[in-house]
Amino acid sequence: MDAASTRTLHTGRAMPVLGLGTWNLTHDTADTVREALRLGYRMIDTSGDYGSQPGIGEALRTSEVDREDIFLVAKVEEDEDAFASTRRNLDEMGRGHADLMLVHRPPPDGVGVSLWEGLIRARDEGLTRDIGVSNYTADQIDALVERTGEVPVVNQVEWTPFGWSADFLDYCRGKDILIQAYSPLTRAERLDDPRLGEIASEVQQTPAQVLLRWHLQLGVVPLPKANQVPHLEENLGAFGFELDDEAMSRVSELNEHYSALGSLPYVQ
């Protein structure tokens with residue numbers, strides 16, 4: 001397994017097993033994304049409210065990596081017209097299509113059926129190849145599917161060994177929905193946890209690499225943010241080793257339903 005390895009969406013298309021998160025990546029975004037692509041990253045995750053899309057567009061235009069080898073993920077906000085927002089996101093990056101468009105979060109007064117229908121239209125008209133959601137609970141996904149008959153290919157949520165749900169993982173697997181993990185490194189808040197440090201020392205890897213390897217072996221797709229070359233390279237080091245069953249169990253047992261943002265909406 002490496003950064004070019006893929007997981008299969010329920011539509012049959014392939015998605016890389018790891019991507020670059022770009023939230024708050026507004027300084028030298030183009031250079032960072034170009035360097036990530038040079039190193040082997042093949043998925044870039046963004047949103048209109050991240051401030052990173054112009055730089056991502058520049059990087060995609062100037063990278064030596066072919067566009068068809070890059071998996072581009074973008075999002076529409078809960079108060080937008082999803083179809084129009086998809087066009088605006090693509091225009092901002094100078095792209096003709098995305099590989100995956102997500103509803104960034106459910107609106108406060110419902111599950112976003114009109115948003116979902118807008119993304120269905122965007123997909124049907126060729127603006128994106130696949131569609132999914134972010135920050136949705138199982139009940140909210142069920143409501144979308146019941147109203148539209150369309151199952152998201154992905155649910156992107158905050159997910160780390162310190163905060164995750166076995167029940168929700170089982171739910172998504174049962175629906176053939178892949179989980180993408182944002183903030184998979186806890187925004188560096190828990191990298192110095194002594195329990196994690198002990199495991200990292202035993203397997204002779206860094207705490208960040210252990211966290212990412214846990215995601216990969218769990219079948220969850222991590223989207224770590226990094227804006228320095230050493231961190232970009234460190235994250236790719238997660239492909240250079242494996243956690244045995246005992247180590248996987250110990251990492252999983254770090255779970256405290258911790259959230260760097262305050263709560264995990266999918267944990268009921």
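This is a short tutorial dialogue on reading the sheet and helices of a predicted model.

Biologist: Where do I start? What is the order of the strands in the open sheet?

Modeller: Read the strands by who pairs with whom. Here eight strands make an open sheet, in the order S3-S4-S5-S6-S7-S8-S9-S10. The pairing is parallel.

Biologist: Which strands are at the edges?

Modeller: Look for strands that pair on one side only. Here they are S3 (20-21) and S10 (221-223).

Biologist: Take S7, residues 128-134. Is it mostly covered or mostly open?

Modeller: Count its buried residues. In S7, six of the seven residues are buried, so the strand is mostly covered, with buried meaning under 20% relative accessible area.

Biologist: How many bridges join S6 to S7?

Modeller: Bridges tie one strand to its neighbour. S6 (residues 98-103) and S7 run parallel and are joined by five bridges. You can find the register from residues that stand opposite each other. Alanine 98 faces threonine 128 of S7. Leucine 100 is opposite aspartate 130, also in S7.

Biologist: And what about the other neighbour, S8?

Modeller: S8 covers residues 154-158. Two bridges pair S7 with S8, again in the parallel sense. Valine 133 is placed opposite asparagine 155 of S8.

Biologist: Which helix does the chain cross through from S7 to S8?

Modeller: Follow the chain out of one strand, over the helix and into the next strand. From S7 the path goes through H5 (residues 138-148) to S8, a right-handed β-α-β crossover. A right-handed β-α-β unit is also made by S6, helix H4 (residues 113-124) and S7.

Biologist: How does H3 lie on the sheet, and at what angle to S5?

Modeller: Compare the helix direction with the strand direction. H3 (residues 82-93) lies across S5 (71-76) and S6, and runs at about 135° to S5.

Biologist: Now two helices. How do the axes of H5 and H6 cross?

Modeller: Check distance, angle and handedness. The axes of H5 and H6 (residues 166-175) come within 11 Å, crossing at roughly 20°. Angles under 35 degrees count as roughly parallel. H5 and H6 are therefore roughly parallel to each other. The crossing of H5 past H6 is left-handed.

Biologist: Which residues make that contact?

Modeller: Zoom in on the side chains. H5 contributes Ala138, Ile141 and Asp142. H6 contributes Phe168, Tyr171 and Lys175.

Methods:
Residues are numbered from 1 along each chain as its sequence is written. This is a predicted model: local features need pLDDT of at least 70, side-chain atom pairs count only at pLDDT 80 or more; totals for chains, interfaces and linings use all residues. Side-chain values use heavy atoms; hydrogens and water are left out. Buried means under 20% relative accessible area, exposed over 50%, partly exposed in between (1.4 Å probe, protein chains only). Helices (H or I, at least four residues) and strands (E, at least two) are DSSP runs, numbered from the N terminus. Two strands pair if DSSP finds at least two bridges between them. A crossover is right-handed if, with the strands pointing away from the viewer, the path from the first strand over the helix to the second runs clockwise. Contact means heavy atoms within 4.5 Å. Axes are lines fitted to C-alpha atoms, for helices over the stretch in contact, and angles run from 0 to 180 degrees between N-to-C directions. Angles under 35 degrees count as roughly parallel, over 145 as roughly antiparallel, 65 to 115 as roughly perpendicular and the rest as oblique. A crossing is left-handed if the near helix is turned anticlockwise from the far one by less than a right angle, and right-handed if clockwise.
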